[in-house]
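Reader: Please take one part of this predicted model and go through it closely. I would like to see how the strands of the sheet pair, residue by residue where possible.

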Amino acid sequence: MSGANRGVREVALPQGAGKTVQAPRLRRFEFAPVAGIWRHELALYKRYWKSQSFASMVEPTFFLLAFGYGFGSMIAMIGDYRYLDFVATGVVGVAALFTSVFPGMFNGYIRRVFQHTYDAMLATPVDVHELVTAEALWIAAKSAVYSCTPLVVALFFGLDPSFGMLLVPFVTFFTALGFGLFGTWTSSVVPSINSFDYVITGVVTPLFLIAGTFFPVDALPGWAQKAAYLNPLYHCVELVRDAVFGLDPLADLGHFGALVLFAALMWVIAVRGMRNRLID
Amino acid sequence: MQRARVEDARRDPGAAAAISLRGVVKRFGDFTAVDGLDLEVPAGVCLGLLGPNGAGKSTTMKMLTAQAIADEGGIHVLGFQVPREAKRARAVMGVVPQQDNLDEELTARENLEVFAHLYRVPRRARRQAVDDALALAHLTGKQLTKVDDLSGGMRRRLLIARGLVHSPALVLLDEPTVGLDPQVRAELWGLIDGLRAGGTTVLMSTHYIEEAERLADECALMSHGRVIARGSPSALVAEYAGDRVVEHYGPPGRLTEVERIARGAGLSTRRTGPSVSVLKAETIPPSLEDELGPDGVRRAASLEDVFVVLTGERVE
């Protein structure tokens, strides 16, 4: 931490015995632990970027090509959009979901239960809320970049470029932040790593099916449409489409608010869940 | 800064010691792991926390870093009240856990760099701090080796180096040599002894008697969540086991008889496999020696005798 001598005080040691050290004044939330945890992530990422990038970029591209060309041959247009363009913007949301919720779940669980990495970090001047925030920000930052892959691929297949596309990483960042924290929270409540099967099948799969990713929400039954409005991924997909095809300021503000609210709520329960697990 | 120290000391007299625990209780459901623990560790001292498994040593260690929160009592670490000021306390103490939680995918150097960040080592001093920690652990030549490829002893040394990368005033060592072979253990003892000589306050939990005897200035014996005896190893031996111990070997019936006679005369005994040891042998009157029999073998009393007599547990 630069300027570490600012606001320090010597710790209370009696009669000059032992070593004298200086204790920095620490705030309730600090960015130094975030930087330290990102240093850890970066060191790991340097080793695994190829495999991580392959999985994170190729999988959504397969979705895009399979649905875009598969269904695209039967459904030329949805509303005013080419089906391929519709799917490309939908798959951005799916990529944001997958590249955030799974690292949140599995990294969170493995580092807490098997590797005890978090125990080691919490023995340093790092609090649980800083740890959770740092991990979620890293996941969100990576996801924000990776989830743009389908858009880049779609550009090669005829999607018209627009300045609004530059907003997409911000949309996916907040989406991934919420879902990464959701994954972290689930990692703190499942009794074993096998229990993630319930979360994936029971929660993650319905989330990406009822979000207007591959087909419009209007085509769903009434109850499913209502459910979609509660689905953060739906708001992500709507925002991405509006960013790419043209903004609708009032509606988009609502979608963005929903994503921020979701991330804030997930942060609260993820911190609480991890604190319950990590602090006896 | 001086004023801050004085204010801390006024706020609570416990702030004067490097570590102070007063009336600390920690429960896990119906089980009380720490039961009214009072413990003070003066600065610059190496205190060995001895006790059998389940005595509450690791829970005590975790409470000092606020990774476990006490249900009752007061804790001060280096003048900071825990858990309220735990973050500041953790900034000036190092922790070496019982469990190896190094990141196996990273190199030795990367592990230390991450923790130098977390411990707020200033940017300009970080590289030197990591170099110094590697040198201290004799791992300079292995700094670019992945932890997964290090030997058990090297990993343990790296774990210690990680807890020292920010030159802390206090180090908590939780069973630092558990599960290691004698050669590696001796290597680590040298490292820990160097810390003590450098003025670092050390609180070391262990259930290896020899480790405590060699390294600790003072020992506190824990049993069922409390300190049941405390003093320098030699003082504890003198108080509870005396100068000499006489060991009697024989069939079970003979051992039971020796125990009965010794206890009848107010002497303490302990079973050690095929023998019974009678403590404070120098106080045995000649008449009682005749009654106990001529088969006794005399030896110097040890901390192990104290441990077994006070805790009623076997040692490793």
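Author: B:Leu21 has B:Ile75 as its bridge partner in S4(B). That pair belongs to the contact between S1(B) and strand S4 of chain B, residues 72-77, where five bridges hold an antiparallel pairing. Strand S1 of chain B, residues 19-28, is also joined to S2(B), again antiparallel, and here the bridges number eight. Within S2(B), the residue opposite B:Val25 is B:Asp35.

S4(B) in turn pairs with S5(B) through three bridges, in the antiparallel sense. B:Val77 is matched there with B:Phe80 of S5(B). The link between S4(B) and S5(B) is a hairpin that leaves two residues between the strands. B:Leu78 lies in this turn and has a positive phi of about 50°.

Put together, these pairings give an open sheet of four strands in chain B, in the order S2-S1-S4-S5, with antiparallel pairing. Strands S2 (31-41) and S5 (80-82) of chain B are the edge strands; each has a single partner strand, so one side of each has no neighbour in the sheet. On average, neighbouring strands of this sheet are turned by 30° against each other, direction ignored.

As for what the bridges reflect, strands of a sheet pair through backbone hydrogen bonds, and the pairing may be parallel or antiparallel. In this sheet the pairing is antiparallel.

Technical notes. Residues are numbered from 1 along each chain as its sequence is written. Chains are lettered from A and ligands numbered from 1 in the order in which they are written. This is a predicted model: local features need pLDDT of at least 70, side-chain atom pairs count only at pLDDT 80 or more; totals for chains, interfaces and linings use all residues. Two strands pair if DSSP finds at least two bridges between them. Axes are lines fitted to C-alpha atoms, for helices over the stretch in contact, and angles run from 0 to 180 degrees between N-to-C directions.
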